[in-house]
Amino acid sequence: MLIVPPATYPETAPDGFFLGDHLRRRDGRALVQPAHYFSAYKNRYAELGYRWYCLEDPERNWDPRFDSLVSYVEAIRTYLGTVD
């Protein structure tokens, strides 16, 4: 996983991250193509084998007084645990 915080971090939450090109379930089976998992969109790391995974905060729950990259990684872990 690769996270590139926005220039306005920490006031603004990251809006996505990069995952390896071959996302799989924990047991090794292939996933149904998850939504918001793009090979070309916003992806300057495609040639390195990453895909852009869009994970925005549309409800604006991010609060820079309390949230950090650690809370963002936890949100990623929670979201990926529910995909597929």
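1. A residue counts as exposed when its relative accessible area is over 50%, as buried when that area is under 20%, and as partly exposed in between. Arg77, at 51% relative accessibility, therefore counts as exposed. The model considered in this note is a predicted one.

2. Arg77 takes part in a salt bridge with Glu74, with an N to O distance of 2.6 Å. The two residues stand three apart in helix 1, so about one helical turn separates them. Glu74 has a relative accessibility of 37% and is therefore partly exposed, whereas Arg77 is exposed.

3. The count of salt bridges comes to two. Besides the bridge between Glu74 and Arg77, there is one between Arg65 and Asp63, whose closest N and O atoms are 2.6 Å apart. The partners fall into opposite classes of accessibility: Arg65 is exposed at 65%, while Asp63 is buried with a relative accessible area of 18%.

4. Turning to the aromatic residues, the structure contains four aromatic pairs. One of them is formed by Tyr9 and Trp62, whose ring centres lie 6.1 Å apart with the planes at 55°. Planes under 30 degrees apart would count as stacked and those over 60 as edge-to-face, so the pair of Tyr9 and Trp62 is tilted.

5. The location of this pair deserves a remark. Tyr9 belongs to the segment before strand 1 (16–20), and Trp62 to the loop between strand 3 (50–54) and helix 1 (69–80); the pair therefore ties together parts that are 53 residues apart in sequence. As to accessibility, Tyr9 is partly exposed, at 27%, and Trp62 is buried, at 14%.

6. A further aromatic group is the cluster formed by Phe18, Tyr45 and Trp52. One member of this cluster, Tyr45, also receives a contact through its backbone: the side chain of Asn43 reaches the backbone nitrogen of Tyr45 at 2.8 Å.

7. Asn43 itself is situated in the loop between strand 2 (37–38) and strand 3. With a relative accessibility of 12%, Asn43 counts as buried. In addition to the contact with Tyr45, a polar atom of the Asn43 side chain lies 3.0 Å from the backbone nitrogen of Ala46. The side chain of Asn43 thus has contacts with the backbone nitrogens of Tyr45 and Ala46.

How values were computed. Residues are numbered from 1 along each chain as its sequence is written. This is a predicted model: local features need pLDDT of at least 70, side-chain atom pairs count only at pLDDT 80 or more; totals for chains, interfaces and linings use all residues. Side-chain values use heavy atoms; hydrogens and water are left out. Rings of Phe, Tyr and Trp (its six-membered ring) pair if their centres lie within 6.5 Å; planes under 30 degrees apart count as stacked, over 60 as edge-to-face and the rest as tilted. Helices (H or I, at least four residues) and strands (E, at least two) are DSSP runs, numbered from the N terminus. Buried means under 20% relative accessible area, exposed over 50%, partly exposed in between (1.4 Å probe, protein chains only). A polar contact is a pair of N or O atoms within 3.5 Å; within protein, one must be able to donate a hydrogen and the other to accept it, and residues adjacent in sequence count only if both atoms are side-chain atoms. A salt bridge is a side-chain nitrogen of Lys or Arg within 4 Å of a carboxyl oxygen of Asp or Glu.
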